[in-house]
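Student: I have a model open and want to go through it with you. Where should we start?

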Amino acid sequence: MTTDSRPAGLDDAAADEAARAAGVRVQPVAGHIGAEIDGVDLAAGLDDAQVAAIRAALWRWKVVFFRDQRLDHAGHVAFARRFGDPVVLHSRGGASPPDFPEIETTADRLELGGKFGMEHEEWLRRRRHTLLRGWHCDHGARIDPPAATILRAETVPPYGGDTTWSNLAAACAGLSAPVREFVSGLRAEHRLGVGYQPRPGEDAYVRHLLDRQVASVHPLVRVHPETGEHVLYVNGYYVEQITDLSRAESRAILDMLLDEATRAEYTVRFRWEPGSVAFWDNRATIHLAPSDNAHLGFPRTMHRVMLAGEVPVGADGRPSEAVTGTEPGRW
Ligand SMILES: [Fe+2]
């Protein structure tokens, strides 16, 4: 379906033709977001037609899923390089496998509490009371958040641990015209650690956050550099306050926008299997990390590669501004 109002970067007919030419099957799984891609072996390397088809599906569906893949770390990085420049995680080097600084490995969240001196039960309890597990785009407080993320599952729990994404371009288009116009002129400060509620007394995690402050002012509506779509650029994890508004005004408007951004019809939920790969547009989506598996104690090992992004530009033409702890291209 092509409509006259659709931005030039989203040409459905061209996307269908690209998929046909590449022998790739793109099967949408929800009305606004998410498609499974069959007929491609990511470990075998991609030809240009396959890359074009996957890229078109990604712009159209915001997150694409591949199943039963057999990527190793080198294959994962090679796949990512076909679509951009993988970010090298200097500050998280300890979480990367040897020789693969582009890959961040999460051997579940079970280890995180211990890292900051908390008992596992305490960590789970605190996470339940904070926004830390909330909706976010990856590294959204940076001045140049990643353009995309490629997450690959190695070990997954037999149940629980699903990830959910929401389409922020659909959310923006779904706003009433007066509200969309109003918020298109606004900006908000995004700050690492906003949602975390410290424990009374010592809290190693708060000290960790204070030592590594990262904050930027981003437009509430950004223009996607590839598709031209307007994106409602909010999340529950990083957004501190709408600039120039009172605290009360900001809270009410942010709550309303977050409700819009995460309406069920804009979301898709993915059931991971070993060998599953999810590739999402980190500019046009937010996602919800699973919160229903840690208490079960099953192992869950995921590997993440992110593609470098650019400084966002608002619907009003103004770019984002760094506040603290972040520079374009510096990780
Ligand atoms: Fe994430």
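Tutor: Start with one salt bridge. This is a predicted model, and in it Glu104 forms a salt bridge with Arg304. The closest N and O atoms are 2.4 Å apart.

Student: Which strands hold Glu104 and Arg304, and how many residues apart in sequence are the parts they tie together?
Tutor: Glu104 lies in strand E4, residues 104-107. Arg304 lies in strand E16, residues 301-307. The pair therefore ties together parts of the chain whose separation in sequence is 200 residues.

Student: Are Glu104 and Arg304 buried or exposed?
Tutor: Buried means under 20% relative accessible area. Glu104 and Arg304 are both buried.

Student: How many salt bridges does the structure hold?
Tutor: Glu104 with Arg304 is one pair. Glu265 and Arg263 also meet in a salt bridge, at 3.0 Å from N to O. The total for the structure is 25.

Student: Are Glu265 and Arg263 buried or partly exposed?
Tutor: The buried class ends at 20% and the exposed class begins over 50%. Glu265 has 39% relative accessibility. Arg263 has 34%. Because both values fall between the cut-offs, Glu265 and Arg263 are partly exposed.

Student: What N to O distance does the salt bridge of Asp292 and Arg269 have, and which parts does the pair tie together?
Tutor: The N to O distance is 3.9 Å. A salt bridge here needs nitrogen and oxygen within 4 Å, so the pair counts. Asp292 lies in the loop between E15 and E16, and Arg269 in strand E13, residues 267-270. The pair therefore ties together parts 23 residues apart in sequence: that loop and E13.

Student: Is Arg269 buried or exposed?
Tutor: Its partner Asp292 is partly exposed, at 30% relative accessible area. Arg269 has 54%. Exposed means over 50%, so Arg269 is exposed.

Student: Which residues are linked in a network with Asp292 and Arg269?
Tutor: The network is made of salt bridges. Besides Asp292 and Arg269, its members are Asp162 and Arg271.

Student: Now the metal. Which residues coordinate the iron ion?
Tutor: The donor distances are 2.1 to 2.2 Å. Two donors are NE2 atoms of histidines, and an aspartate gives OD. Along the chain the spacing is H-x1-D-x148-H. The residues are His136, Asp138 and His287.

Student: How many residues apart are His136 and His287?
Tutor: His136 sits in strand E5, residues 135-136. His287 sits in strand E15, residues 285-288. The pair links distant parts of the chain, 151 residues apart.

Student: What relative accessible area do these two histidines have?
Tutor: His136 and His287 are both buried. His136 has 10%. His287 has 5%.

Student: Which strands pair with E7?
Tutor: E7 and E13 run antiparallel, joined by 4 bridges. There, Trp165 stands opposite Val268. E7 also pairs in the antiparallel sense over 4 bridges with the strand that holds Leu288, which stands opposite Thr164. The partners are E13 and E15.

Student: Why is E7 largely enclosed?
Tutor: E7 covers residues 163-167. Thr163, Trp165 and Asn167 are buried on one side, and Thr164 and Ser166 on the other. E7 is largely enclosed because its buried residues number 5 of 5.

Student: What packs against the buried residues of H2?
Tutor: H2 is mostly covered, with 10 of its 14 residues buried. Among them are Val51, Ile54, Leu58 and Trp61. The elements packed against them are helix H1, E1, E2, E3, H3 and E14.

Student: What span does H2 reach from its first C-alpha to its last?
Tutor: H2 has 14 residues. At 1.5 Å a residue, the expected value is 20 Å. The span in the model is close to that, at 20 Å.

Student: Which residue in the turn between E1 and E2 has a positive phi?
Tutor: E1 and E2 run antiparallel, joined by 4 bridges. Gln27 stands opposite Glu36 in E2. The two strands form a hairpin with 6 residues between them. With a phi of about 100°, the residue is Gly34.

Definitions and conventions: Residues numbered from 1 in each chain as written. Predicted model: local features only at pLDDT ≥ 70, side-chain atom pairs only at ≥ 80, totals over all residues. Heavy atoms only, no water. Donors = N, O, S within 2.8 Å, 3.2 Å for Na, K, Ca; no water. Buried < 20%, exposed > 50% of the residue type's maximum accessible area, 1.4 Å probe, protein only. Pairing = 2+ DSSP bridges. Salt bridge = Lys/Arg side-chain N within 4 Å of Asp/Glu carboxyl O. Expected span 1.5 Å × (residues − 1). Contact = heavy atoms within 4.5 Å.
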